[in-house]
Amino acid sequence: MTPSIPDDSRTETLEFLLAIADDEYFTGHRLGMWLAVSPTLEEDNALTSIAQDELGHARLWYDVVADERSTTTDDLAIGRGHDDRRNSILVEREHHDFADAIVRSYLYDRAELLFLESIRDGDVEALADTASVALNEEPFHREHAAKWLEVLHATDEGTERLERAFETNLEAASDLFAFEESQQDALVDAGVLARSPDELAETWETEVTKTLSELPIDVDSQAVADAVSNSPSTNGRRGEHTDEFPAVLEEMEPATIDQI
Amino acid sequence: MTDASIPDPRQQLETAPAEERAVWDALLTVEDPELPVSIVDLGLVYDVSLEGGHATVEMTLTYSGCPAREMIVDDVERAVTSVSGVDSVEVDLVYSPPWSTDHITDVGRDELSEWGLALPEKSSTSGAACTQ
């Protein structure tokens, strides 16, 4: 174990942590939009509670980077522009319907779990402990998505919506693990990650394929394989984003005094 | 993880030098805004130091998205600043080691029990209480 981030991989590590933080931040922001419009009152509570957790986790990682770069958490969370953002495009688009929100959460939560476990099992103590804090707050997110996946296919309409949500989101998930090879090597060599994003992608593919095989819905397993093997046409890990992204950045900008 | 590295807060309090003891005593008066239990007995305070009138409180939160974060930090600053011999205070929020219910003192467990909150038995590994 080393107490803090090794100097020779500092840049790659902080860029990676910003990607993880941005994932959490936009996930939380999008989930928060379900308040008062979700299918039931209990879902209002559940989705916004999950949103609050994810924003808390974003803050954990932004705090780490802010300390290292002598900047502030707000500057990192709110002040960074389009090209500096490193979140996967999976989490940035508007939720189309409730099935979309659930499928998105399911796909993202599986990836988030793998990233956090890889950091927890790494050699950098401060990061491993931070990952443990986040991991302790995650199990009910996965239970929530899993329960809804079991329920939503009960009607033809639900089945169709789930299938559509998987198709769209699997396509958007292809940048989840698409970090540059040189960055992946640096993270593993430095002990920041116990397993590289490429290895995590394989586990993710196996798990998602298994879940889909257990659901009575029709989604081609090739779509899962494509998600991890195809080179993403838009890669959020490189600062590339969808045409829905500028609007979400704009609505997050703090209001100025004369707007209030 | 490094759970065992944080000694029982009540022991830290009792063995602290007189000046630092006063800071610990002030922290005992700060409650979690959502629970009528001191942040010391919740095991949130990891370390207290006092040098030349400058107090540093190293502490954590029960939950990373804690909406009461600013309120707790303000309460801690106010309580510690009121201690004689303290000119300034710095609150250092840390997440290493991760907090778990294992950090709650026996006093804290009794108080939570009075309020009808049942805690899992203390576990030997960090975080296990949250995932059982």
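1. In chain B, contacts with a separation of 6 or more are dominated by distant pairs: residues 24 or more positions apart account for 67% of them. The model is predicted, and every value below should be read that way. Chain B has 132 residues, and buried residues make up 33% of these.

2. Next, the make-up of chain B. It holds five helices and three strands. Starting from the N terminus, the order of elements is α-α-β-β-α-β-α-α.

3. The three strands of chain B build an open sheet, ordered β1-β2-β3, with mixed pairing. At the edges are β1 and β3 (88-93) of chain B, each of which pairs on one side only. From one strand to the next, the twist averages 15°.

4. The β1-β2 pair deserves a closer look. Strand β1 (residues 45-51) of chain B runs antiparallel to strand β2 (residues 54-59) of chain B, and six bridges join the two. V48(B) has V57(B) of β2(B) as its bridge partner. V45(B) is bridged to M59(B), also in β2(B). Two residues lie between the strands of this hairpin, where G52(B) adopts a positive phi near 55°.

5. Which strands of chain B does helix α2 touch? Helix α2 (residues 18-28) of chain B packs on the sheet and touches β1 and β2 of chain B. The direction of α2 is at about 135° to that of β1(B). Helix α3 (residues 69-81) of chain B also packs on the sheet, with β2 and β3 of chain B as the strands it touches. Between the directions of α3 and β3(B) the angle is about 145°. Strand β2 of chain B is thus touched by α2 and by α3.

6. On annotation: UniProt, in an unreviewed entry, lists residues 20-91 of chain B as "domain: MIP18 family-like". In the model, that span is 31% helix and 24% strand. The C-alpha atoms at the two ends of residues 20-91 of chain B are 15 Å apart.

7. The interface comes next. Chain B contributes 12 residues, which are in contact with 17 residues of chain A. How do the residues on the side of chain B that touches chain A divide by class? Six are nonpolar, six are polar and no charged residues appear there.

8. In chain A, one helix pair stands out for comment. Helix α4 (residues 98-120) of chain A packs against helix α5 (residues 125-136) of chain A at an angle of about 145°, and the axes are 7 Å apart. The crossing of α4(A) and α5(A) is left-handed. From α4(A), the contact takes in L116(A), E117(A), I119(A) and R120(A). From α5(A) come L127(A), A128(A), A131(A), S132(A), A134(A) and L135(A). By class, the contact of α4(A) with α5(A) has seven nonpolar residues, one polar and two charged.

9. A last point concerns D218(A). This residue sits in the loop between α9 (197-214) and α10 (221-229) of chain A. Is D218(A) buried or exposed? D218(A) counts as exposed because 11 other C-beta atoms lie within 10 Å, and the cut-off for exposed is 12 or fewer. Across the chain, the C-alpha atoms of D218(A) and E163(A) are separated by 6.5 Å, although the two residues are 55 apart along the chain.

Technical notes:
Residues are numbered from 1 along each chain as its sequence is written. Chains are lettered from A and ligands numbered from 1 in the order in which they are written. This is a predicted model: local features need pLDDT of at least 70, side-chain atom pairs count only at pLDDT 80 or more; totals for chains, interfaces and linings use all residues. Two strands pair if DSSP finds at least two bridges between them. Helices (H or I, at least four residues) and strands (E, at least two) are DSSP runs, numbered from the N terminus. Axes are lines fitted to C-alpha atoms, for helices over the stretch in contact, and angles run from 0 to 180 degrees between N-to-C directions. Two residues are in contact if their C-beta atoms, placed from the backbone, lie within 7 Å. Ala, Val, Leu, Ile, Met, Phe, Trp, Tyr, Cys and Pro count as nonpolar, Asp, Glu, Lys and Arg as charged, and the others, Gly among them, as polar. UniProt positions are given in the numbering used here, feature names are shortened, and annotations may be inferred rather than shown by experiment. A crossing is left-handed if the near helix is turned anticlockwise from the far one by less than a right angle, and right-handed if clockwise. A residue is buried if 20 or more other C-beta atoms lie within 10 Å of its own, exposed if 12 or fewer, and partly exposed in between; C-beta atoms are placed from the backbone.
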